[in-house]
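Me: I would like to go through this chain term by term, asking each time what justifies the word that is used.

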Amino acid sequence: MKDISAKQAVEIRINDLSELAKKKGRPLFTSFLNEQEQFFAQKLLTARGDVYFRFFGGAESCTRKMLLVSAYEEEEEFPIYPLSFSFRKIDKPEHRDFLGAFMGLGLKREMIGDIFVEEGYAAAFCTKTARDLILDSITTVGRTGVSVSEGLLRPVPEQKFEDVSLIAASMRADCFVSGITGLSREKSADFIKSGYFLLNYSECQNVSKTVSVGDILTLRGYGKFIVSEEAVQTKKGRLRIILKKYS
């Protein structure tokens, strides 16, 4: 059987879900989708135009989100369950420790949404099945003893951005990579051709690919950025571009 791409897999899944939602006449939900899956799903559903859809991850700052699809506009509550974890402030468990503990229970990654870790506290969003198993089973994360409870004990941190301004000759991918990394155009081209540049969550090896407002750029080792404003031409005929870097 011929392998299918990640994009094709998402499209098949979302098309099937959309047709089933229309047939049943009620809203249906996916499990948690990563950002690439959300991008493919939104593009497909916008092009279809025959179903209502929206994404939600449990809080506005969440990046992993479920998708609701329905034949009609719905205000249905998402089946997302927040959990709070309390532990000693001197302990320093990390995101990967929590995720590892959850995966150690046999849970699949799509059953777990975002995980936020702060001093003495963590919050995680998950499906009902994951919630029940975590509540029954988790007493330690890594080497840290934790107390688990339903709901949120603290507000979830908001997504923060850092404004980044760069001057470029054009809206080509290699110009963006050069402006962000400080590499020469030649080395920027090598960076892109090596698969280190992602445009809207998909690997892009086309150095002359045009980048547009709203596009999301991921440069491995340098972070993730969104092109937030229309480029403005400078007096010297170059372009001033404003990006927002995800913190």
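What follows is an exchange about sheets, helices, cores and cysteines.

Reply: Before we start, this is a predicted model, in which local features need pLDDT of at least 70 and side-chain atom pairs count only at pLDDT 80 or more, while totals for chains, interfaces and linings use all residues. Residues are numbered from 1 along each chain as its sequence is written, and side-chain values use heavy atoms, with hydrogens and water left out.

Me: What makes S4 and S6 a pair of strands?

Reply: Two strands pair if DSSP finds at least two bridges between them, and strands themselves are DSSP runs of E with at least two residues, just as helices are runs of H or I with at least four, both numbered from the N terminus. Strand S4 (residues 81-86) and strand S6 (residues 121-126) are joined in the antiparallel sense over six bridges, so they meet the criterion of at least two. Within this pairing, Phe85 stands opposite Ala122 in S6.

Me: Why are S5 and S9 called edge strands?

Reply: The sheet is open, with four strands in the order S5-S6-S4-S9 and antiparallel pairing. Strand S5 (112-118) and strand S9 (147-150) each have a single partner strand, so one side of each is left without a neighbour in the sheet. From one strand to the next, the twist averages 20°.

Me: How do you know that H3 packs on this sheet, and what does its angle refer to?

Reply: Contact means heavy atoms within 4.5 Å, and helix H3 (residues 95-103) touches S4, S5 and S6. The direction of H3 makes about 140° with that of S5, where axes are lines fitted to C-alpha atoms, for helices over the stretch in contact, and angles run from 0 to 180 degrees between N-to-C directions. Helix H4 (residues 128-137) lies across S4, S5, S6 and S9, running at about 25° to S4.

Me: What makes one side of H3 the buried side?

Reply: A residue is buried under 20% relative accessible area, exposed over 50%, and partly exposed in between, using a 1.4 Å probe and protein chains only. In H3, Phe98, Leu99, Ala101 and Phe102 are buried. They cover an arc of only 160° around the axis, which puts them on the same side of H3; the arc is that of the directions from the helix axis to the C-beta atoms. These buried residues pack against S4, S5, S6, H4 and strand S7 (140-141).

Me: Why can the buried residues of H6 be said to line one face?

Reply: In helix H6 (residues 185-193), Ser188, Ala189, Phe191 and Ile192 are buried. Seen down the axis of H6, the buried residues fall within an arc of 155°, so they line one face of the helix. The face turned away from that buried side carries the exposed residues Glu186, Lys187 and Lys193. The cover over the buried residues of H6 includes helix H5 (173-181), strand S11 (197-199) and strand S13 (216-219).

Me: What is meant by the largest nonpolar core, and which residues have the most contacts inside it?

Reply: A nonpolar core is a set of buried Ala, Val, Leu, Ile, Met, Phe, Trp, Tyr and Cys residues joined through side-chain atoms within 4.5 Å. The largest such set has 24 residues, and those with the most contacts inside it are Phe176, Phe197, Leu217, Leu219, Ile241 and Leu243. Its largest share, five residues, comes from H5. A second, separate core of 20 residues includes Phe87, Phe98, Phe102 and Ile115.

Me: How do you know that S16 pairs with S10 and S14?

Reply: S10 and S16 pair in the antiparallel sense over eight bridges, and S14 and S16 do so over three, so both pairings satisfy the bridge criterion. Lys244 in S16 is the bridge partner of Asp163 and also of Ile226.

Me: Why is Cys62 not counted in a disulfide?

Reply: A disulfide is a pair of cysteine sulfur atoms within 2.5 Å. The sulfur of Cys62 is 11 Å from the closest cysteine sulfur, in Cys126, too far for a bond. For Cys175 the closest cysteine sulfur, in Cys204, is 13 Å away, again too far for a bond. A search of the whole structure finds zero disulfides.

Me: What makes Cys62 and Cys175 buried?

Reply: Cys62 has a relative accessible area of 3% and Cys175 has 4% relative accessibility, so both count as buried.
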